[in-house]
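Student: Could you take me through one part of this protein in detail? I'd like a close look at a single helix and what surrounds it.

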Amino acid sequence: MKVTEHIKNANGKTLFSFEIVPPQKGQNIQDLYNNVDPLMEFKPPFIDVTTSREEYVYIKKENGLLEQKMTRMRPGTVGICAALKYKYDVDAIPHVLCGGFTKEETEYVLVDCHYLGLDNIMALRGDAMKHEPYFVPTPGGNEYAVDLVDQIRELNQGKYLHNIIETTNRPDFCIGVAGYPEKHLESPSMDADLRRLKEKVDAGADYVVTQMFFDNSKYFNFVEKARKIGITVPIIPGIKPVAVKRHQQILPQIFRLDMPEDLISAIEGCKDNVQVRQVGIEWAIQQSKELMAHGAPVVHFYSMGKSDNIKAIAKEIF
Ligand code: FAD
């Protein structure tokens, strides 16, 4: 079922959902199930599965020299979605990226998703690769998320690339896109970024999921500004519980977001990461309660591996 239908059917009740990251290749999928299992009692209508960019790895050769190879360390997004859908009877949403894929390859991924009965696609540009200072579009690929939304919408209309096929037998993907309550790091201003978001919605996006934020006022302002410029689709807040002390350096650095002073001093007051994890849980519970009181359609959690903290939060609020 489409995310928008789940939201409609909930009649104003806030839903619970989360995002997972595929395991590194070579690892067992059972580890992933072990982290999903404890969250299923909270009846998530959908689960997102990320896609990682390709990266360079270095392989030591017999002569001692290092060989550079490009690889995707966490493949399997669409396969994991199918596995989740059929194991748990839940809607699983693959993240589809512009970066690293030609439009042809993207079309093949979308065809797989259609055959597998996946109803939703999260359309994203993707970040720069680790060795790149900024995002470089893949030759023959989509440059911005809006271009990917265009491609998905065309497929929904039965139009394949290069007008090779036009058919009435077509998918009907519900399309999600990313939004940034503290603006995207490359954007020159909040208003400019919001105009880009509006372009994605005008191109056919059906809902927005936000980047993580720790101060709910950023989300409320973002939603207000989005509504003012005519973005009417659901805007789902993304929540990440802080889990280790280092998060207070790396999360602001990677995502260019602010942490409230109260949260910083609570983290600084912790003597180890067990205490930090508890602070993260309590902060996320308060954030979620306030978001729910303000009518957030869904509270969406970034789980990134171990799910015990998400379970502790969900137990308090759902
Ligand atoms: P876009 O919407 O294309 O925007 C990128 C930047 O370009 C913005 O600054 C925007 O203002 C600007 N822009 C947009 N259109 C134009 C235009 N036409 N001309 C000039 N500038 C323009 N990354 C992954 O690699 N894998 C994932 O699975 C993943 N999942 C995510 C899930 C969520 C909910 C979120 C919020 C982010 C996720 N990301 C993921 C990160 C995302 O890929 C990065 O934030 C990326 O840098 C931007 O992606 P986007 O889809 O927002 O890009």
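Student: Is Glu199 buried, partly exposed or exposed, and what is its relative accessibility?

Tutor: Happy to go through it with you; please keep in mind that this is a predicted model. Glu199 counts as partly exposed, with a relative accessibility of 36%. That value falls between the 20% under which a residue is called buried and the 50% over which it is called exposed.

Let's look at the company Glu199 keeps. Its salt-bridge partner is Arg196, and the closest N and O atoms of the pair are 3.2 Å apart. Arg196 and Glu199 sit 3 residues apart in helix H6, which covers residues 190-203, so about one helical turn separates them. Arg196 itself is exposed, at 52% relative accessible area.

Helix H6 holds another pair of this kind. Lys198 and Asp202 meet through their side chains in a salt bridge, with 3.0 Å from N to O. Here the spacing is 4 residues, again about one turn of the helix. Lys198 is partly exposed at 22% relative accessibility, while Asp202 is exposed at 54%. Elsewhere, Arg53, Glu54 and Arg72 are joined into one network by salt bridges that share partners. Another bridge links Lys69 with Glu67, their closest N and O atoms being 3.5 Å apart. Both ends of that bridge are partly exposed: Lys69 has a relative accessible area of 39%, and Glu67 has 29%. In total, the model has 16 salt bridges.

Now back to H6, and on to the ligand. Lys200 is among the closest of the 24 residues that surround the ligand, together with Thr51, Asp127, Tyr180 and His184. An N or O atom in the side chain of Lys200 lies 2.7 Å from an oxygen atom of the ligand. Two further contacts are worth finding on your screen. His95 places a polar side-chain atom 2.8 Å from a ligand oxygen, and Gly126 has a polar backbone atom 3.0 Å from an oxygen atom of the ligand. Taken alone, the ligand would expose 980 Å², of which the protein buries 87%. H6 is one of the elements that give two or more residues to the shell, along with strand E5 (91-97), strand E6 (120-124) and strand E8 (207-212). Sorted by class, the shell has 9 nonpolar, 8 polar and 7 charged residues.

Strand E5 deserves a look too, as His95 belongs to it. In E5, 7 of 7 residues are buried. In a regular strand, side chains alternate between the two faces of the sheet. In E5, Asp91, Ile93, His95 and Leu97 are on one side, with Ala92, Pro94 and Val96 on the other, and all of them are buried, so both faces are covered.

E5 also has strand partners. Strand E2 (residues 46-49) runs parallel to E5 and is joined to it by 4 bridges; in this pairing, Ile47 has Ala92 as its bridge partner. E6 runs parallel to E5 as well, with 3 bridges between them. There, His95 stands opposite Met122 of E6.

To return to your question, Glu199 is partly exposed and bridged to Arg196, in a helix that also gives residues to the shell around the ligand.

Technical notes. Residues are numbered from 1 along each chain as its sequence is written. This is a predicted model: local features need pLDDT of at least 70, side-chain atom pairs count only at pLDDT 80 or more; totals for chains, interfaces and linings use all residues. Side-chain values use heavy atoms; hydrogens and water are left out. A salt bridge is a side-chain nitrogen of Lys or Arg within 4 Å of a carboxyl oxygen of Asp or Glu. Buried means under 20% relative accessible area, exposed over 50%, partly exposed in between (1.4 Å probe, protein chains only). A residue is near a molecule or strand if one of its heavy atoms lies within 4 Å of it. A polar contact is a pair of N or O atoms within 3.5 Å; within protein, one must be able to donate a hydrogen and the other to accept it, and residues adjacent in sequence count only if both atoms are side-chain atoms. Accessible areas come from the Shrake-Rupley method with a 1.4 Å probe; for residues, only the protein chains shown count as cover. Ala, Val, Leu, Ile, Met, Phe, Trp, Tyr, Cys and Pro count as nonpolar, Asp, Glu, Lys and Arg as charged, and the others, Gly among them, as polar. Two strands pair if DSSP finds at least two bridges between them.
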